[in-house]
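Please take a moment with the sequence and the model shown here before reading on. The paragraphs after it offer a guided walk for someone meeting this structure for the first time.

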Amino acid sequence: MPHRKLIARLQAVVGLSEQDQAKLARMPYKLKTLDNGAYIFRQGDRPKHSIIVISGFLSRQKVVSDRNQISSFYIAGDMPDLHSLHLPVMDHELCSVGTSTVASVPHAYLKEVMNEAPALTQAFWRETLIHASIYREWVENLGARQALGRIAHLLCELATRLELVGLLDNASFHLPFVQQNVADACGLSVVHVNRVVQELRRQGLIEWQHHTVQLLDRAALEEAAEFSRDYLHALESAPSPIVRANAGAGANGAAPRDR
């Protein structure tokens, strides 16, 4: 049920009263399962509903100078298009990476709930600000880090975000990406991505096989990425593995194969 994913996400960020949880539990929605590469919205669309990711991954992307650029990934519990409540025209595309399931909730209901429940308005506003913070970090990642740092940072971020929603299992997580997805997110060629992934494997930091990533040495990977989870804010109460480095943080990881 989509409200459970959303309640769990917002609870992790700000906490919700029983009354606010009840309002979310009553929200109308439609479920849809998407195949790899299926579009939810295209640039220029005027959506009348917002999306909750139930399972899988979505990407925010746009073709710039004949190259596809991914500017965000979204995971279970995320609402990638809350801004469409106030910015009616999509200026990018929202696409499924691998198979995903989403729930669409009418804008009219969300606006009604937010008018009635100031705490929910604050929670949604904070959620939007967190995604803005993630976007800023992506800009800095592309502009300032070398290729190895970019890819390492992406993997650290995904692991941390998935950990929040209970989808990190013993430092291992499902990742249905091919190398082109990583290239589009990190501003690199597929050949360069392949070389970097092999280097991360050679250093004993990750393993990546059959769409499963294992972080073999999470603390060392975070160090290579200059990763700090501070910009994720919702995770501020969780101790970072890099702080626990001396306590022995063993993890598991693996690399993508193009189909």
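What follows goes from one helix to the pocket, the cores and a cavity.

The model is a predicted one, and a convenient place to enter it is helix α4, which runs over residues 118-144. At 1.5 Å a residue, its 27 residues should span 39 Å, and because the C-alpha atoms at its ends do lie 39 Å apart, the expected and the computed lengths agree. Along this helix the buried residues are L120, A123, F124, E127, I130, H131, S133, I134, E137, W138 and N141. In such a list the spacing is worth following, since an α-helix has 3.6 residues a turn, so residues three or four places apart point the same way.

From α4 one can turn to the largest pocket, whose volume is about 600 Å³. Of the 25 residues that line this pocket, R60, S71, S72, Y74 and Y135 are the closest to its centre. Strands β3 (49-64) and β4 (67-74), together with α4, each supply at least two residues of the lining, and α4 gives the most, with eight. Sorted by class, the lining of the largest pocket is made up of 12 nonpolar, eight polar and five charged residues.

Next comes the packing of nonpolar side chains. The largest nonpolar core has 41 residues, and the members that touch the most others are F73, I151, F173, L175, I206 and L221. The elements giving two or more residues to this core are β4, α4, α5, α6, α7 (190-202), β7 (206-209), β8 (212-215) and α8 (218-225), and α5 gives the most, with nine residues. A second, separate core has 21 residues, among them I52, M79, A103 and A123.

F73 deserves a closer look. Once its neighbours within four places in sequence are left aside, F73 is in contact with L58, S59, D78, V97, W138, L154, L158, R161, F177, N181 and A185.

Finally, which elements each supply at least two residues of the lining of the second largest cavity? They are α4, α5 (147-164) and α6 (179-186). The structure holds two cavities of 30 Å³ or more, and the second largest of the cavities has a volume of about 60 Å³. Its lining consists of W138, N141, L142, H153, L154, E157, A185 and C186, which by class amounts to five nonpolar, two polar and one charged residues. W138, L154 and A185 from this lining also appear among the contacts of F73, while W138 and N141 are among the buried residues of α4.

Note on methods
Residues numbered from 1 in each chain as written. Predicted model: local features only at pLDDT ≥ 70, side-chain atom pairs only at ≥ 80, totals over all residues. Heavy atoms only, no water. Helix = DSSP H or I, 4+ residues; strand = E, 2+ residues; numbered from the N terminus. Expected span 1.5 Å × (residues − 1). Buried < 20%, exposed > 50% of the residue type's maximum accessible area, 1.4 Å probe, protein only. 1 Å grid on protein atoms, 1.4 Å probe; cavity = no way out; pocket = protein on both sides within 12 Å on 5 of 7 lines; lining within 4 Å. Points joined across faces, edges and corners; volume = space filled by probe spheres on them. Nonpolar A, V, L, I, M, F, W, Y, C, P; charged D, E, K, R; others polar. Core = buried A, V, L, I, M, F, W, Y, C linked by side-chain atoms within 4.5 Å. Contact = heavy atoms within 4.5 Å.
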